[in-house]
Amino acid sequence: MKGTNLGEFEELALLTILVLGDNAYGVTIKQEINKQGGRQISRGALHTALSRLEDKGLLSSKQGETNEARGGRPKRYYEVTNKGKEALIEAKATRDRLWNQIPDVRLELQYAW
Amino acid sequence: MPGKISPPSFYVRLFRWLCKEQLFDELQGDLEEEFYYNVEQLGKRKASVIYKQEVLKMIRPSVLKRLKLIDNSIFYDMFKINTKLALRNLLKNKLYTAINIGGLAVSIAVCGILLLYVNSETNFDNYHPDYERTYRLALDRIYPDHTSHYAITPYSMAEQATRDFPEIEEFTRIFPAGFGTNVTYNNETFLENDIIAGEANFLDFFGIKLLQGNRQNIFNTANSVLISERMALKYFGTESPIGKILQTDIGDLEVSGVVENTPKNTHFKFDFLVNLEGLPFFQQPNYVNFSVYNYLKLSEGVAPATVNQKMKEVVEKYAAGQIEREQRISFEDYTASGNGYRYFLQPIEDIHLKSHLEGEFEPNGNITYIYIFFSIAVFIVILAAINFINLATARSTERAKEVGIRKVLGSEKKQLVSQFIIESVVVSIVSMLIGILLIYLALPPFNTYLDKEISLLTFASPLNIGLALVASFGLGILAGTYPAFVLSSFKPVVVLKGKLIKSQQGYWIRNGLVVFQFFVSIVLICSTLIVGQQMQYLQKRNLGFDRENVLVLSRAFGIPDLTTFKNELEAIPGVSKVGLTSAMPGTGFYYGASFRPAGTNESIALNCAVFDEDYIETMGIKLAKGRGFSKDFQDTLALILNESATRALGIEHSPIGQRIVNVQGANNPQGDITYEVVGVISDYNYKSLHTEITPMAIFSRESSQGGNIGAIALKTSTNQGATIVAQVEKLWQEIAPNQTFVYSFLDSDLSALYEAEQRSGDMFMVFTGIAIWIACIGLFGLATFMIGNRIKEIGVRKVLGASSQVVVWLLLKDFNKLIAISLLLAIPASVWVMGQWLGSFAYRIEMLDTWVSFVIGGTLALVVAWLTVSYHSIRAVVANPVKNLRTE
């Protein structure tokens with residue numbers, strides 16, 4: 001288990017990369033997270049997370065093509081490795097297990113007036 | 001797409017410089033792509049801002065390049081090795097390093113906070129347009145027996161002066177329109193205190209921002225009101241306030257605009273601004289009765305003294321007539337009898353710190369405190385720098401051998417000096433960083449405590465950061481120089497043999513430094529104790545009335561039938577007496593009116609109040625002669641005076657039965673009324689102890705000239721305060737459900753008068769504690785050094801049969817001498833400083849009575865010094881003498 005535990009943001013990043021499929025590189029990942037997660041993250045923060053995931057072997061990356069808007073600089077595409085997918089499935093399973101054990105009545109929102 | 005528009009080039013270069021090379025292409029590519037996307041979506045400016053933020057957020061370990069060492073020259077190597085040595089040395093002696101850095105960091109933090117505080121206090125009212133030629137009109141009102149100084153002045157003065165003199169460009173006036181006013185919106189009522197009336201040019205004159213509304217026409221209806229942002233939020237939340245109606249005690253008001261919250265560095269503050277022109281009593285010109293704050297803007301190049309001079313003309317031309325009409329006495333006679341009006345201008349910038357007149361908006365700051373705090377800031381840093389020197393010297397015993405070896409191995413003196421200096425610069429820079437962190441952590445509670453809005457970030461300009469850096473370098477070099485030269489001048493042969501040089505000169509320097517440190521500490525200790533004594537005195541002084549167990553209900557004017565209410569209050573168990581008055585001591589407002597003994601022409605001004613028949617007894621005020629008001633008499637034309645008033649009127653020998661004329665004026669516009677003095681009360685302090693007791697006249701409730709009952713005083717039995725308050729509140733709610741219930745206890749109201757002093761006293765105490773601590777660190781270092789030098793002497797003495805006590809005393813004796821010298825120097829200094837401070841009180845302790853403080857201060861310093869030194873002395877004495885003597 002140790003080492004494959006995913007942080008909330010790491011999980012978000014991995015899932016986003018899977019959603020994006022072949023088109024997952026810095027800009028798109030960031031925009032997607034901003035859109036789906038409703039938060040503003042910086043490219044720097046994203047970089048830290050991605051390189052950590054890559055170090056853990058949950059992500060792989062390869063250099064891609066470039067275009068004019070990038071000032072001739074190549075993109076770097078990210079892909080979730082098998083290990084990354086396992087970690088995601090594991091995380092989801094843990095959560096599902098917990099969700100299933102919560103009685104509905106406890107989930108009703110309560111407000112103290 | 002790219003073409004002309006491109007990301008901000010400085011940031012591109014910055015990013016290229018700091019980013020790891022292998023990451024740059026990818027990240028810069030992404031940032032650039034996003035930039036052009038943002039340019040299309042949000043425009044160039046927004047995109048640039050985002051780009052800059054992105055680059056700055058890239059500053060994180062995973063992106064940053066490892067710093068490459070650019071310069072490989074010999075200097076760089078030297079610097080590197082010295083820094084490394086410095087760090088090693090610092091880490092080796094963890095205790096000393098911690099004491100040194102800790103002491104310096106705390107003193108830097110204290111100094112920083114004090115400077116921020118001083119800065120915030122000295123930057124008042126400097127944001128108004130043309131503030132350097134804006135003045136407030138103030139008045140020295142000269143009475144035959146005393147002079148009073150007023151911040152509020154007659155409302156026609158400024159207007160007339162502006163009309164008559166070309167030197168004055170513009171004027172504006174502020175009238176404090178409502179204190180304790182109920183304001184209701186949507187059935188929610190709040191009690192508001194900061195309601196002022198101003199003129200149409202108010203916002204422009206003071207440069208206050210209008211957030212909503214029309215600046216050209218701020219009062220568009222007769223009952224327009226501008227409210228502050230804070231109030232807009234409180235009453236209307238997210239609704240737009242414009243055009244909404246607020247119901248208030250001073251009529252319904254229509255919100256015509258929202259202004260910014262009054263900046264904290266303003267000598268006044270307001271939440272509601274109504275139109276001064278609309279108030280009924282400003283329709284007739286008035287040159288005599290004080291009512292408003294008059295502000296004048298002079299033309300460029302005009303000296304305020306010119307206008308001070310010209311104000312005399314206004315008094316003679318306009319005020320004189322009114323005085324003659326109202327007082328029925330010629331202006332010549334009036335002035336001949338010792339009355340006078342001397343108007344003068346106060347620079348608006350100076351009001352906060354230098355103006356302490358009657359009727360200020362709020363208690364102002366005190367320039368003496370600013371000087372005191374600034375000196376403390378400077379002294380504390382000096383203390384810390386001295387520690388530096390003492391601690392470094394102290395360690396010379398340990399480092400002498402290191403120096404000897406180095407010299408033998410070929411180090412030049414220059415190199416050693418630079419090594420020691422770098423060491424102390426490292427310490428001072430680390431301390432500066434920790435100190436700034438401490439400031440950052442300490443500011444929020446400090447702000448809450450002093451009701452300030454000081455922010456460290458507003459000072460984070462490149463200039464200030466540079467100054468802080470230069471200061472820490474300078475401090476390091478300054479403090480490092482003396483030890484560096486001392487240490488590097490050791491002769492290798494001598495120190496390697498195990499002997500230390502004792503230079504006579506060094507002895508004087510070191511002792512001089514300790515004397516200075518203790519001098520400062522003792523001054524601070526004694527000052528703190530004297531402040532404490534004075535505060536104690538203020539709290540305990542017999543004010544001439546009983547301040548304990550008196551419950552005060554303010555806003556008595558809200559009660560429709562006071563007599564019934566009073567009867568009901570008296571029925572509450574635990575309430576022994578209930579009295580009504582127009583003004584409570586300390587906080588109340590006493591208006592002035594003119595009186596003269598019947599048959600004379602000279603009138604004098606007395607402060608006036610109204611008492612009911614039970615008030616004197618409720619408050620425990622002493623009746624010196626005659627009787628108080630009573631239901632058994634017809635008291636409409638009865639008057640009670642205080643003893644000062646009988647003296648001022650010249651009737652002190654047989655005051656009872658004297659007939660006194662209340663001269664026609666603001667309080668009795670119909671004409672003179674003659675009263676009979678029925679009683680004389682002993683002087684009691686009805687204002688704060690900053691001012692002396694002035695003559696006072698007291699009307700009965702039946703007299704229509706007395707003014708309104710404003711407060712109800714309840715004498716309660718001890719320890720029942722809370723239950724009585726609950727019952728009183730219930731009664732209040734029944735009788736006046738729409739009126740806010742405001743109560744307080746007299747003793748805490750009175751303590752609040754000295755809040756500024758109390759707070760300064762607290763601050764004093766904290767800084768004194770820190771200063772003593774810092775001085776002790778220095779002493780600790782010095783003790784190490786001095787005892788280290790005498791270790792063999794101690795050994796010999798012990799071998800020859802000296803007892804431990806004798807030796808410890810011998811060691812302490814040296815330090816006693818130093819403390820005694822410090823004390824002798826500190827006494828005159830404290831007396832001088834505290835004399836200045838005590839000067840701001842009309843009632844104060846005698847300087848002679850402060851000897852207790854000096855005894856305690858001196859003893860405390862001595863004890864603290866002993867405790868500090870005894871650690872080393874006892875260790876040295878208890879140690880086996882053989883060990884000490886064996887070294888050679």
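A crossing of two helices is left-handed if the near helix is turned anticlockwise from the far one by less than a right angle, and right-handed if clockwise. Keep that in hand for chain B of this predicted model. There, α5(B) passes α23(B) in a left-handed crossing.

Start with that pair. Helix α5 of chain B covers residues 94–122, and helix α23 of chain B covers residues 755–789. Their axes come within 10 Å and cross at roughly 150°. Angles over 145 degrees count as roughly antiparallel. α5(B) and α23(B) are therefore roughly antiparallel to each other. From α5(B), the residues in the contact are B:Ile99, B:Gly103, B:Val106, B:Ser107 and B:Val110. They meet B:Phe767, B:Ile770, B:Ile774 and B:Ile777 of α23(B). By class, this contact has 7 nonpolar and 2 polar residues, with no charged ones.

Now compare another pair, α2(B) and α3(B). Their axes come within 7 Å and cross at roughly 150°. That angle makes α2(B) roughly antiparallel to α3(B). The crossing here is right-handed. α2(B) brings B:Leu31, B:Phe35, B:Asn38, B:Val39 and B:Leu42 to the contact. Facing them in α3(B) are B:Lys44, B:Lys46, B:Ala47, B:Ile50, B:Tyr51 and B:Glu54. The contact of α2(B) with α3(B) counts 7 nonpolar, 1 polar and 3 charged residues.

These two helices also take part in the contact between the chains. That contact takes 19 residues from chain B and 17 residues from chain A. On the side of chain B that touches chain A, α2 (21–42) and α3 (44–57) each supply at least two residues. α2(B) gives the most, with 11 residues. By class, this side of chain B has 7 nonpolar, 3 polar and 9 charged residues. For the complex, the predictor gives an ipTM of 0.86 and a pTM of 0.67.

A third helix pair in chain B packs at another angle. Helix α6 of chain B (residues 156–164) and helix α9 of chain B (residues 304–327) meet at about 110°, with their axes 10 Å apart. That makes α6(B) roughly perpendicular to α9(B). B:Met157, B:Gln160, B:Ala161 and B:Asp164 in α6(B) touch B:Met311, B:Val314 and B:Tyr318 in α9(B). This contact divides into 5 nonpolar, 1 polar and 1 charged residues.

Turn next to the strands. Strand β4 of chain B (residues 181–185) pairs with strand β5 of chain B (residues 188–192) in the antiparallel sense, over 5 bridges. Within this pairing, B:Thr184 has B:Thr189 as its bridge partner. The two strands form a hairpin with 2 residues between them. In the turn, B:Asn186 has a positive phi of about 55°. β4(B) also pairs with strand β9 of chain B (residues 245–248), again antiparallel, over 2 bridges. There, B:Val183 is partnered by B:Thr248.

Further along chain B, 4 strands form an open sheet in the order β15-β23-β14-β24, with antiparallel pairing. Its edge strands are β15 (575–581) and β24 (743–745), each pairing on one side only. The twist averages 20° from one strand to the next. Within the sheet, β15(B) is joined by 6 bridges to strand β23 of chain B (residues 711–716). B:Leu580 stands opposite B:Ile712 in β23(B).

Helices lie across this sheet. Helix α18 of chain B (residues 562–571) lies across β15 and β23, running at about 155° to β15(B). Helix α21 of chain B (residues 721–735) lies across β14 (550–553), β15, β23 and β24, running at about 25° to β14(B).

Finally, consider confidence. Chain A averages a pLDDT of 85, and 91% of its residues score at least 70. Among the elements of chain A, helix α5 of chain A (residues 104–107) has the lowest mean pLDDT, 72. Strand β2 of chain A (residues 76–80) has the highest, 92. Chain B averages a pLDDT of 83, with 95% of the residues scoring at least 70. Among the elements of chain B, the lowest mean, 74, belongs to helix α27 of chain B (residues 881–886). The highest, 92, belongs to strand β12 of chain B (residues 293–298). Where pLDDT is low, the predicted coordinates should not be read in detail.

Technical notes:
Residues are numbered from 1 along each chain as its sequence is written. Chains are lettered from A and ligands numbered from 1 in the order in which they are written. This is a predicted model: local features need pLDDT of at least 70, side-chain atom pairs count only at pLDDT 80 or more; totals for chains, interfaces and linings use all residues. Two strands pair if DSSP finds at least two bridges between them. Axes are lines fitted to C-alpha atoms, for helices over the stretch in contact, and angles run from 0 to 180 degrees between N-to-C directions. Two residues are in contact if their C-beta atoms, placed from the backbone, lie within 7 Å. Ala, Val, Leu, Ile, Met, Phe, Trp, Tyr, Cys and Pro count as nonpolar, Asp, Glu, Lys and Arg as charged, and the others, Gly among them, as polar. Angles under 35 degrees count as roughly parallel, over 145 as roughly antiparallel, 65 to 115 as roughly perpendicular and the rest as oblique. pLDDT is the predictor's confidence in each residue, from 0 to 100.
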